[in-house]
Amino acid sequence: MQKTLWAQARPDEKGIMTYVSSFYHAFSGAQKAETAANRICKVLAVNQENEQLMEDYEKLASDLLEWIRRTIPWLENRLPENTMQAMQQKLEDFRDYRRLHKPPKVQEKCQLEINFNTLQTKLRLSNRPAFMPSEGKMVSDINNAWGGLEGAEKGYEEWLLNEIRRLERLDHLAEKFRQKAAIHEAWTEGKEEMLQRRDYETASLSEIKALLKKHEAFESDLAAHQDRVEQIAAIAQELNELDYYDSPSVNARCQRICDQWDALGALSQKRSEALQRTEKLLETIDQLYLEFAKRAAPFNNWMEGAMEDLQDSFIVHTIEEIQGLSSAHEQFKATLPEADKERQAILGIHNEIAKIVQTYHVNMAGSNPYTGINPQEVNAKWDKVRQLVPLRDQSLIEEHARQQNNERLRRQFANQANVIGPWIQTKMEEIGRISIEMHGTLEDQLTHLRQYEKSIINYKPKIDQLEGDHQLIQEALIFDNKHTNYTMEHIRVGWEQLLTTIARTINEIENQILTRDAKGISQEQLNEFRASFNHFDRDHSGTLGAEEFKACLISLGFDIANDAQKRTGIMDAEDFKTCLISMGYNLGENEFSRIMSVVDPNRMGVVTFQAFIDFMSRETADTDTADQVMASFKILAGDKNYILADELRRELPPDQAEYCIARMAPYSGPDAVPGALDYMSFSTALYGESDL
């Protein structure tokens with residue numbers, strides 16, 4: 001019917017009602033069954049819910065207890081990690097457990113208790129017996145397990161913190177150990193090689209002392225590093241006590257450092273002893289070197305001086321000098337044995353050095369620092385000295401023979417010179433007396449002097465013979481002669497002066513004869529002139545001394561005729577002036593200067609006897625003067641103060657006229673005319689009264 005109703009497109013009301021009635025009767029019959037079914041369903045539903053709660057409790061309890069079972073061993077695990085990072089990871093895991101894993105479990109435990117209580121309540125309300133969980137899953141069991149979890153948790157956190165602090169301390173100590181060990185190992189790097197060096201074997205004393213100072217500094221440094229080694233050992237000990245995971249490597253490194261430290265100490269001590277031993281040896285050698293130098297240097301100088309003296313080309317001039325050299329040479333030879341002992345002692349010092357070097361195996365790096373002299377040089381110079389001694393002996397013998405021959409030449413020359421010298425002096429004095437003393441006429445004096453001249457010339461061969469002896473002396477290089485005060489130069493000068501004096505004296509006498517004959521001077525006048533000249537010719541000092549004063553006294557009338565004075569044949573200006581005054585001349589300074597220009601035209605300051613005679617003869621005889629010549633020129637000039645060249649050419653011969661024109665100065669007076677010549681100055685110049 002249902003199908004018919006629904007199959008119709010539009011059912012009718014009757015069909016609908018039929019259907020409704022059918023449904024009503026159907027549902028009404030079924031209501032009782034439904035009620036019974038509902039009751040059953042409700043009971044079953046409660047029972048099912050309780051069973052589900054029981055299952056859920058069992059499952060939650062099992063899961064929670066399993067989690068607690070797994071977690072407690074993890075929390076009870078106290079095996080420490082080796083690294084701070086691992087322990088920090090454990091701490092981080094624990095924090096994750098507390099922050100992420102445990103809170104849900106706390107909620108599960110709480111929910112489990114709620115479910116248990118709810119289940120018991122429902123069971124009680126539904127007249128069901130109380131729920132009894134499986135063994136070990138009671139709430140009390142769960143609480144006990146949870147208490148165990150919290151107990152493990154609390155100890156675990158404390159352990160983690162302590163362990164982290166421990167590892168932090170260990171890491172700090174380990175890092176400190178590594179740093180100190182690294183610093184120490186860096187410092188010790190190369191130290192063993194340095195201490196094992198044998199550089200002292202080739203070092204000098206100064207270098208050894210420097211090495212000792214350096215080693216002392218190293219030992220101070222080594223002692224300073226003792227604290228670091230002790231600190232390293234203490235740190236290693238503390239790491240062991242704190243159960244550091246890498247203690248074996250720390251202990252091994254610490255042991256290496258300690259072993260190396262002990263080795264460095266032993267090597268340092270060994271090197272110190274070696275340096276000190278080498279220093280003592282080198283100091284001994286240095287002292288020997290110094291002693292060798294102190295003794296070898298003067299000995300070497302002595303040998304060099306000896307060689308120089310033995311090879312010196314000596315120059316002697318007398319037998320006494322060569323005898324002195326020979327005596328000194330013998331004294332030198334007497335010192336040779338002592339010198340040889342000194343040489344042996346010096347060589348002994350060197351041998352002692354060699355013995356020390358050989359005995360103690362000292363490797364000498366160089367030679368003696370105090371001297372460049374070596375034993376070979378000492379021996380070589382000593383041999384040279386020994387060779388030069390006989391050569392010096394021979395040279396002295398030969399020189400002695402030469403000086404004996406020189407002495408013979410000296411005596412030969414002296415014997416002749418001691419005769420010739422006084423002979424020349426005697427002849428000079430005799431000639432002086434002849435020219436000064438007034439014995440006989442001038443002709444007699446001239447004859448006497450010419451006889452002297454002939455005898456002097458006849459003496460020339462002896463002079464020549466002396467020249468020959470002097471030539472031998474010069475060839476023999478003889479420079480002095482103690483047997484005579486005369487030298488060949490003295491003899492030559494004396495001989496030349498003798499010849500000159502005799503020739504000049506003869507010429508003076510001849511000039512006196514000419515002057516006498518030309519001026520008409522009598523012999524008595526000449527004798528008078530000579531007497532006056534000789535009287536005032538004294539010491540020629542150029543000042544008015546005692547002798548000049550005597551001349552003044554004589555001019556005043558005092559009688560000192562017996563005073564014998566040295567005569568030289570010339571008179572100085574003061575004597576000449578005194579002589580003129582004594583003879584009646586009234587002389588002013590200007591007049592005396594004029595007279596001196598006449599008698600001493602060369603301005604030598606002395607007046608010779610010939611000049612004195614010329615002056616005296618001019619004053620006593622009628623001779624031309626400058627005034628007379630000026631008067632003659634004035635006549636030729638027509639009484640003018642000047643003269644013209646034409647006037648001179650007209651009145652004088654051509655050559656004399658040109659002579660005057662060439663030498664006359666131009667006239668410069670107020671009445672001068674062009675071409676005027678000064679005949680006055682020319683006239684005075686002719687007589688030496690002015691410059692021509």
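Here are some short exercises on this predicted model, each with a worked solution.

Residues are numbered from 1 along each chain as its sequence is written, and side-chain values use heavy atoms, with hydrogens and water left out. Because the model is predicted, local features need pLDDT of at least 70 and side-chain atom pairs count only at pLDDT 80 or more, while totals for chains, interfaces and linings use all residues.

**Exercise 1. Take stock of the whole chain: its helices and strands, its buried residues and its contacts.**

Step 1: start with secondary structure. There are 23 helices and four strands, counted as DSSP runs numbered from the N terminus (helices H or I, at least four residues; strands E, at least two).

Step 2: look at burial. Of the 692 residues, 36% are buried; here buried means under 20% relative accessible area, exposed over 50%, and partly exposed in between (1.4 Å probe, protein chains only).

Step 3: add the surface. About 41,100 Å² is exposed, with 52% of it from carbon and sulfur atoms (Shrake-Rupley method, 1.4 Å probe; for residues, only the protein chains shown count as cover).

Step 4: check the contacts (heavy atoms within 4.5 Å). Among those with a separation of 6 or more, 78% join residues 24 or more positions apart.

**Exercise 2. Find the largest nonpolar core and work out which helices supply it.**

Step 1: get the term straight. A nonpolar core is a set of buried Ala, Val, Leu, Ile, Met, Phe, Trp, Tyr and Cys residues joined through side-chain atoms within 4.5 Å.

Step 2: pick out the hubs. The largest core has 34 residues, and I208, I285, F299, F332 and V385 have the most contacts inside it.

Step 3: trace the suppliers. At least two residues each come from helix 6 (205-224), helix 8 (247-311), helix 10 (336-360) and helix 11 (375-436). Helix 8 gives the most, with 14 residues.

Step 4: zoom in on one hub. Setting aside neighbours within four places in sequence, I208 touches Y200, A203, L275, T278, E279 and L282.

Step 5: don't stop there. Another core, of 27 residues, lies apart from the one above, and L442, I463, A476 and I502 are among its members.

**Exercise 3. Decide which side of helix 7 is buried, and what it packs against.**

Step 1: size it up. Helix 7 (residues 226-241) has 16 residues and spans 23 Å from first C-alpha to last, close to the 22 Å expected at 1.5 Å a residue; that expectation is 1.5 Å times one less than the number of residues.

Step 2: list its buried residues, namely V229, I232, I235, A236 and L239. They sit on the same side of helix 7 because they cover an arc of only 125° around the axis, the arc being that of the directions from the helix axis to the C-beta atoms.

Step 3: name the partners. The buried residues of helix 7 pack against helix 4 (139-188) and helix 8.

Step 4: see what comes next. D243 follows helix 7 with a positive phi, near 60°.

Step 5: compare with the record. An unreviewed UniProt entry lists residues 43-70 and 208-242 as "coiled-coil region"; positions are in the numbering used here, feature names are shortened, and annotations may be inferred rather than shown by experiment. In the model, residues 208-242 are 94% helix and 0% strand, with end C-alpha atoms 50 Å apart.

**Exercise 4. Do the same for helix 22, then follow P666 to its contacts.**

Step 1: in helix 22 (residues 654-663), the buried residues are A657, C660 and I661. Their arc is only 100° around the axis, so they share one side of helix 22.

Step 2: flip to the other side of helix 22, where D655 and A662 are exposed.

Step 3: the buried residues of helix 22 pack against helix 20, helix 21, strand 4 (677-678) and helix 23 (679-686).

Step 4: now take P666, in strand 3 (residues 665-666). P666 counts as exposed because its relative accessibility is 66%.

Step 5: leaving out neighbours within four places in sequence, P666 is in contact with A676 and D678. P666 and L677 are 11 residues apart in sequence, yet 4.5 Å apart C-alpha to C-alpha.

**Exercise 5. Locate D639 and describe its backbone.**

Step 1: D639 is in the loop between helix 20 (626-636) and helix 21 (645-651).

Step 2: its phi is near 65°, a positive value in a residue other than glycine.

Step 3: D639 counts as exposed, as its relative accessibility is 58%.
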